[in-house]
Amino acid sequence: MFLEIHELKKGYGSGENRTEVLQGIDFTVNKGEICVLLGPSGSGKSTLLNIIGGIDTADSGYVSVNGEKTRDMSEKTLTRYRRKHLGYVFQMYNLIPNLNVKENIEVGAYLSDSPLDIDDLLHTLGLYEHRHKLPNQLSGGQQQRTSIGRAIVKNPDILLCDEPTGALDYHTSKEILKLIGDVNQKYGNTVIMVTHNDAIKNMADRVVKLRDGAIRKNYCNETKIAAEDLEW
Ligand SMILES: Nc1ncnc2c1ncn2[C@@H]1O[C@H](COP(=O)(O)OP(=O)(O)OP(=O)(O)O)[C@@H](O)[C@H]1O
């Protein structure tokens, strides 16, 4: 099993103010799969994504990637894991404003010993002709494409996406979801995508639904469709 989440628990606060945000989460994802994490606001999706990403730690249970538990990693190994094996895409693009598209993507490439070819990637992203533009000269969709490029250029094993289309309109959201699907097909990265949008589950291999910090549904989607065919 490539990614295993086992009995993961996480709470914040103490005494009367204690909230159990994750109450024992169990699921697995195969290499190269797209896993969509759904659930209402406050159900624990981002907390779970941050623990998988080694940004936050669990109170108990573990995340194991390729048989290695992140909780057993030293700080140095964990930093290496985050840098080399994970790519992050957020709702806010977090691009560096004074670097152009190509340079923003190069920032991601510096973190890898074996980055993807940047010009080839710029073509895949549909950004080759925009490569010399600064972020403020780009549309929201182009900015999100650039941030996906920055995440994917190091060819990470896992691409973590937190509401990647949260700030985008319908058509641009579909474009970005198509790009995530294309990148997954072309480079074989495992994708974990958090979203509020129920329709996105249709492009997933695995669907995990959370409510109040617990799994309500966890199933393999046998009728996966391409991102361009999603409707909502
Ligand atoms: N650092 C923190 N300290 C205290 N409580 C926190 C912290 N981070 C998250 N929480 C709480 O944990 C719960 C789950 O938050 P989380 O962001 O994981 O939910 P979510 O499902 O991603 O929500 P949304 O869809 O609104 O982003 C919320 O009630 C939130 O207030």
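**Close-up 1. Gly 54 follows helix H1 with a positive phi.** In this predicted model, look just past the end of H1 and you will find Gly 54, whose phi is about 70°. Now step back into the helix itself, which runs over residues 45–52. Is H1 mostly covered or mostly uncovered? It is mostly covered, since six of its eight residues are buried. You can pick them out one by one: Lys 45, Thr 47, Leu 48, Leu 49, Ile 51 and Ile 52.

**Close-up 2. Twelve positions to find around the ligand, from Tyr 12 to His 196.** Which residues surround the ligand? Start with Tyr 12, Thr 19, Val 21 and Gly 39, then follow Ser 41, Gly 42, Ser 43, Gly 44, Lys 45, Ser 46 and Thr 47, and finish at His 196. Two elements, strand E2 (19–29) and H1, each give two or more residues to this shell. H1 gives the most, with three residues. Sorted by class, the shell holds two nonpolar, nine polar and one charged residues. Lys 45 and Thr 47 may look familiar from the first view: both belong to the buried part of H1, and both are found around the ligand.

**Close-up 3. Helices H5 and H6 cross at roughly 20°.** Two packed helices are described by the angle between their axes and the distance between the axes. Here H5 covers residues 140–152 and H6 covers residues 170–187, and their axes come within 10 Å. Because angles under 35 degrees count as roughly parallel, H5 is roughly parallel to H6. The crossing of the two helices is right-handed. On the H5 side, the residues that meet H6 are Gly 140, Gly 141, Gln 144, Arg 145, Ile 148 and Ile 152. Their partners in H6 are Thr 172, Glu 175, Ile 176, Leu 179, Ile 180, Val 183 and Tyr 187. The residues of this contact divide into seven nonpolar, four polar and two charged. As you trace each helix, keep one handy rule in mind: an α-helix has 3.6 residues a turn, so residues three or four places apart point the same way.

**Close-up 4. Asp 169 sits in the loop between E7 and H6.** Is Asp 169 buried or exposed? Asp 169 is exposed, because 11 other C-beta atoms lie within 10 Å and the cut-off for exposed is 12 or fewer. Try finding Gly 140 from here: Gly 140 is 29 residues away along the chain, and the two C-alpha atoms are separated by 9.2 Å.

**Close-up 5. Glu 7 and Asn 155 have positive phi values without being glycine.** Glu 7, in strand E1 (residues 3–12), has a phi near 50°. With 13 C-beta neighbours inside 10 Å, Glu 7 counts as partly exposed. Asn 155 has a phi of about 50° and is placed in the loop between H5 and strand E7 (158–162). Asn 155 is partly exposed too, with 19 other C-beta atoms within 10 Å.

**Close-up 6. Val 29 is a buried residue of strand E2.** Val 29 has 22 C-beta neighbours inside 10 Å. Leaving aside neighbours within four places in sequence, Val 29 is in contact with Phe 2, Leu 3, Cys 35, Thr 190, Ile 192 and Arg 206. For another landmark, look for Leu 122, which is 93 residues from Val 29 in sequence and 28 Å from Val 29 in space, C-alpha to C-alpha.

Conventions
Residues numbered from 1 in each chain as written. Predicted model: local features only at pLDDT ≥ 70, side-chain atom pairs only at ≥ 80, totals over all residues. Buried ≥ 20, exposed ≤ 12 C-beta atoms within 10 Å, placed from the backbone. Helix = DSSP H or I, 4+ residues; strand = E, 2+ residues; numbered from the N terminus. Axes fitted to C-alpha atoms, helices over the stretch in contact; angles between N-to-C directions. Parallel < 35°, antiparallel > 145°, perpendicular 65-115°, else oblique. Left-handed = near helix turned anticlockwise from the far one by under 90°. Contact = placed C-beta atoms within 7 Å. Nonpolar A, V, L, I, M, F, W, Y, C, P; charged D, E, K, R; others polar. Near = placed C-beta within 6 Å.
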